[in-house]
Amino acid sequence: LENIELPKSIKEIGHKAFFECQSLKHIYLSASVNYGANVFSSSGIESVKIEEGTTVIPARVFSNTKIKDVTLPKSVEIIEPFAFYSCDELISVNLNQGLKEISQSVFVHCSKLTEIIIPETVTELGEDAFWECENLKGVKFEGNAPELSEAQLKEASKTYHTVYYHEGAVGFTSPEWNGYPTEVW
């Protein structure tokens, strides 16, 4: 399966519907469809267009794919757990203003990701959101410090990145914030 155009009449795509479809390279996510977990996991997806009006990026939807870059529409509020887990080719992520929650382990093992900017609207950052992103040099926060879970604080020393924040942002400390080295940007 190399290409698929899903009609607007589809309202739901179930769990693992396109799991391991290695030849499938591009997909369009319609806002009118409810997606089950792992819908495109372990497929050959390289690019995705996400329709405005989409509010949730489902759990594991693109895990273990070849996706290279992600741009979220303004309407997305939540990225569910493991959505981009182990996307080894992911180099660029553009998160939207309006995003409120980045759930646990969303970008784990995204080895080519070097930098990410967290919009000021994000108030929750899940445990291990950037775990083992060995080339991630910086996580830049546009707003105040998000809430972190107790487990995430214990694991902070095992990460590789620096946390950057704007002068005057509430909740950050220097020279470290919860075990992460910090700098003002």
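Q: What is the bridge partner of Ile 57 in β7?
A: In this predicted model, Ile 57 has Ile 79 of β7 as its bridge partner.

Q: What makes β5 and β7 a pair?
A: Pairing takes at least two bridges between the strands. β5 and β7 (residues 78-79) are joined by 2 bridges, so they pair. The two run parallel.

Q: Which strands form the open sheet, and in what order?
A: The sheet has 4 strands, in the order β5-β7-β9-β11, with parallel pairing.

Q: Why is one side of β5 and of β11 left without a neighbour in the sheet?
A: β5 (56-57) and β11 (124-125) stand at the edges. Each has a single partner strand, so one side has no neighbour.

Q: How do you know that Cys 87 is in no disulfide?
A: The two sulfur atoms of a disulfide must lie within 2.5 Å. For Cys 87, the nearest cysteine sulfur belongs to Cys 110, 5.1 Å away, so there is no disulfide. The whole structure has 0 disulfides.

Q: Why is Cys 87 called buried?
A: Buried means under 20% relative accessible area. Cys 87 has 0%, so the word applies. Cys 133, at 1%, also counts as buried.

Q: What makes Ser 75 buried?
A: Its relative accessible area is 15%, and the cut-off is under 20%, so Ser 75 is buried. Ser 75 is found in the loop between β6 (69-71) and β7.

Q: Which backbone nitrogen lies 2.7 Å from a polar side-chain atom of Ser 75?
A: That of Gly 53. Ser 75 also touches other residues, including Glu 51, Thr 55 and Asn 96.

Technical notes
Residues numbered from 1 in each chain as written. Predicted model: local features only at pLDDT ≥ 70, side-chain atom pairs only at ≥ 80, totals over all residues. Heavy atoms only, no water. Buried < 20%, exposed > 50% of the residue type's maximum accessible area, 1.4 Å probe, protein only. Polar contact = N/O pair within 3.5 Å; in protein donor to acceptor, adjacent residues only side chain to side chain. Contact = heavy atoms within 4.5 Å. Lists of a residue's contacts leave out its neighbours within four places in sequence.
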